[in-house]
Amino acid sequence: YKSNIEIHESLEGPGREEDVKPLSLTQTVIQIGLLDIVFGLDSVITAVGMADHVEIMIAAVIVAMVFMLFASGALGNFISKHPSVKLLALAFLLLIGVSLVAEGIEMPIPKGFIYFAMAFSIFVEVLVLRMAKKKNYTSVELKK
């Protein structure tokens with residue numbers, strides 16, 4: 001749901017001004033906390049599904065957290081410079097959400113299809129970024 005709303009706002013802008021209510025600091029912190037809990041649980045569940053030993057699961061979660069802490073600044077700067085990458089990441093979240101719902105109703109989408117779609121999308125995005133770099137402008141300037 002959240003990625004769908006973000007994609008819509010990225011493309012269309014926020015709704016009418018009277019419909020948009022700014023969040024308070026407490027609401028913002030709670031929203032970020034809930035999203036962190038959801039994605040943190042997702043990492044733990046993935047680690048549990050991929051490893052048989054508790055020590056490996058714990059190590060995987062710690063390594064992922066440390067990596068996220070150190071990479072967040074550079075990644076944030078890159079995404080600010082190339083908003084199309086943010087849109088692609090949101091689309092991936094939407095794709096994964098649809099896949100999970102499909103599995104939940106016992107109509108799973110084969111993982112190969114999902115991985116191929118994601119790999120092809122990344123390939124196209126890399127081409128777009130290379131073209132933009134070659135022409136010496138960022139995707140923000142493509143809008144102008």
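These are my notebook entries on a predicted model of a single protein chain.

**Entry 1. Overall make-up**

I began with the secondary structure and found six helices and zero strands in the protein chain. Read from the N terminus on, the elements run α-α-α-α-α-α. I then looked up burial: of the 144 residues of the chain, 13% count as buried. I also checked how far apart in sequence the contacting residues lie. Among contacts between residues at least 6 apart in sequence, 60% join residues at least 24 apart.

**Entry 2. Helix α3**

I turned to helix α3, which covers residues 54–81 and has 28 residues. From its first C-alpha to its last, α3 reaches 39 Å, close to the 40 Å expected at 1.5 Å a residue. I looked for a bend and recorded a kink of about 50° in α3, centred on A71.

**Entry 3. The pair α4 and α5**

I next asked at what angle helix α4 and helix α5 pack. For α4 (residues 83–104) and α5 (residues 111–134) the angle is about 175°, and their axes are 11 Å apart. An angle over 145 degrees counts as roughly antiparallel, and α4 and α5 are therefore roughly antiparallel to each other.

I listed the residues that meet between the two helices. On the α4 side they are S84, V85, L88, F92, L95, I96, S99 and E103. On the α5 side they are K111, I114, M118, S121, I122, E125 and L129.

**Entry 4. Helix α5 by itself**

I noted that α5 has 24 residues and reaches 34 Å from its first C-alpha to its last, close to the 34 Å expected at 1.5 Å a residue. Which residues of α5 are buried? I found I114, M118, E125, L129 and A132. I then looked up what covers the buried residues of α5, and the cover includes α3 and α4.

**Entry 5. E125**

I singled out E125, which lies in helix α5. Is E125 buried or exposed? Buried means under 20% relative accessible area, so E125, at 12%, counts as buried. Leaving aside residues up to four places away in sequence, E125 touches S84, V85 and L88. I checked one of these pairs further: E125 and L88 are 37 residues apart in sequence and 8.2 Å apart in space, C-alpha to C-alpha.

**Entry 6. The salt bridge**

I searched for salt bridges and found that the structure holds one. Side chains of opposite charge can pair when their charged atoms come close. The partners here are K111 and E103, whose closest N and O atoms are 2.3 Å apart. Both residues also appear in the list of contacts between α4 and α5, E103 in α4 and K111 in α5. I looked up their accessibility as well. K111 is partly exposed, with a relative accessible area of 39%, and E103 is partly exposed, with a value of 35%.

**Entry 7. Positive phi angles**

I closed with the backbone. Most residues other than glycine have a negative phi. I noted that E106 has a positive phi of about 60° although it is not a glycine. E106 is found in the loop between α4 and α5. With exposed meaning over 50% relative accessible area, E106 counts as exposed at 70%. I recorded N136 too, which takes a positive phi of about 65° just after α5.

Notes: Residues are numbered from 1 along each chain as its sequence is written. This is a predicted model: local features need pLDDT of at least 70, side-chain atom pairs count only at pLDDT 80 or more; totals for chains, interfaces and linings use all residues. Side-chain values use heavy atoms; hydrogens and water are left out. Helices (H or I, at least four residues) and strands (E, at least two) are DSSP runs, numbered from the N terminus. The expected span of a helix is 1.5 Å times one less than its number of residues. The bend at a residue is the angle between axes fitted to the seven residues ending there and the seven starting there. A salt bridge is a side-chain nitrogen of Lys or Arg within 4 Å of a carboxyl oxygen of Asp or Glu. Buried means under 20% relative accessible area, exposed over 50%, partly exposed in between (1.4 Å probe, protein chains only). Axes are lines fitted to C-alpha atoms, for helices over the stretch in contact, and angles run from 0 to 180 degrees between N-to-C directions. Angles under 35 degrees count as roughly parallel, over 145 as roughly antiparallel, 65 to 115 as roughly perpendicular and the rest as oblique. Contact means heavy atoms within 4.5 Å.
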